[in-house]
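Student: Hi! Could you walk me through this protein before I set anything up?
Tutor: Happy to, let's pull it up.
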Amino acid sequence: MEAINIHEAKTRLSHLVARAAEGEGFIIAKAGKPMARATAIDRPAPGQQKRLGFLAGQFKVPNDFDRMGQEEIAEMFGD
């Protein structure tokens, strides 16, 4: 991630925000010391993944999955 001096960040703010929105984050530094990180809002934090739908298309759920093993369960409970 590129470090940008705070003065340069003030001067080029609109350009830097556009880059961050495209997924290219940057760090704002003051006297060479990192002070803040700018990334796109919808981008997951480092080490964090979006998990919703991560197995989509990798397996098929049978139509009768809610009735699977129904006979065995009925026998266990004396039904």
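Tutor: We'll go from the overall layout to one helix, its salt bridges and the core.

Student: Great. What kind of model is it?
Tutor: This is a predicted model, so please read everything below with that in mind.

Student: How many helices and strands does the protein have, and how do the elements run?
Tutor: There are 3 helices and 3 strands. Starting at the N terminus, the order is β-α-α-β-β-α.

Student: How much of the protein is buried?
Tutor: Of its 79 residues, 11% are buried. The accessible surface is about 7,000 Å², and carbon and sulfur atoms account for 56% of that.

Student: And what about contacts between residues far apart in sequence?
Tutor: Taking contacts with a separation of 6 or more, 26% of them are between residues 24 or more positions apart.

Student: Let's zoom in on α2. Which of its residues are buried?
Tutor: Leu16, Arg19 and Ala20 are buried in α2. Looking down the axis of α2, the buried residues fall within an arc of 100 degrees, so they line one face of the helix.

Student: Why would that spacing put residues on one face?
Tutor: An α-helix has 3.6 residues a turn, so residues three or four places apart point the same way.

Student: Nice. What sits on the face turned away from the buried side?
Tutor: That face of α2 carries the exposed residues Ser14 and Ala21.

Student: And what covers the buried residues of α2?
Tutor: The cover includes β1, α1 (6-11), β2 (26-30) and β3 (33-38).

Student: Anything about the backbone just after α2?
Tutor: Yes, Gly23 comes just after α2 and takes a positive phi of about 100 degrees.

Student: Back to Arg19. How accessible is that side of things, and what does Arg19 touch?
Tutor: Arg19 has a relative accessible area of 12%, so Arg19 counts as buried, the cut-off being under 20%. Leaving out residues up to four places away in sequence, Arg19 touches Glu2, Arg12 and Glu24.

Student: Which of those is in a salt bridge with Arg19 at 2.5 Å?
Tutor: That's Glu2: the two side chains meet in a salt bridge, at 2.5 Å from N to O. Arg19 lies in helix α2 and Glu2 in strand β1 (residues 2-5), so the pair ties together parts that are 17 residues apart in sequence. Glu2 itself is partly exposed, with a relative accessible area of 37%.

Student: How many salt bridges are there?
Tutor: The count comes to 4. Among them is Arg12 with Glu8, at 2.3 Å from N to O. Arg12 is partly exposed at 26% relative accessible area, and Glu8 is partly exposed at 33%.

Student: Is there one further along the chain I should look up?
Tutor: Try Arg67 and Asp66, whose closest N and O atoms are 3.5 Å apart. Arg67 is partly exposed, with a relative accessible area of 46%, whereas Asp66 is exposed at 55%. As for networks, salt bridges with shared partners join Glu2, Arg19 and Glu24 into one.

Student: New topic: which residues make up the largest nonpolar core?
Tutor: The largest nonpolar core has 5 residues: Ile4, Ala9, Leu16, Ala20 and Phe26. In soluble globular proteins, nonpolar side chains tend to be buried together.

Student: What is Phe26 in contact with?
Tutor: Setting aside neighbours within four places in sequence, the contacts of Phe26 include Ile4, Leu16 and Ala20. Met1, Glu2, Val17, Ala36, Arg37 and Ala38 are in contact with Phe26 too.

Student: Thanks, that's a handy tour!

How values were computed:
Residues numbered from 1 in each chain as written. Predicted model: local features only at pLDDT ≥ 70, side-chain atom pairs only at ≥ 80, totals over all residues. Heavy atoms only, no water. Core = buried A, V, L, I, M, F, W, Y, C linked by side-chain atoms within 4.5 Å. Buried < 20%, exposed > 50% of the residue type's maximum accessible area, 1.4 Å probe, protein only. Contact = heavy atoms within 4.5 Å. Helix = DSSP H or I, 4+ residues; strand = E, 2+ residues; numbered from the N terminus. Areas by Shrake-Rupley, 256 points an atom, 1.4 Å probe, with all protein chains shown as cover. Arc of directions from axis to C-beta.
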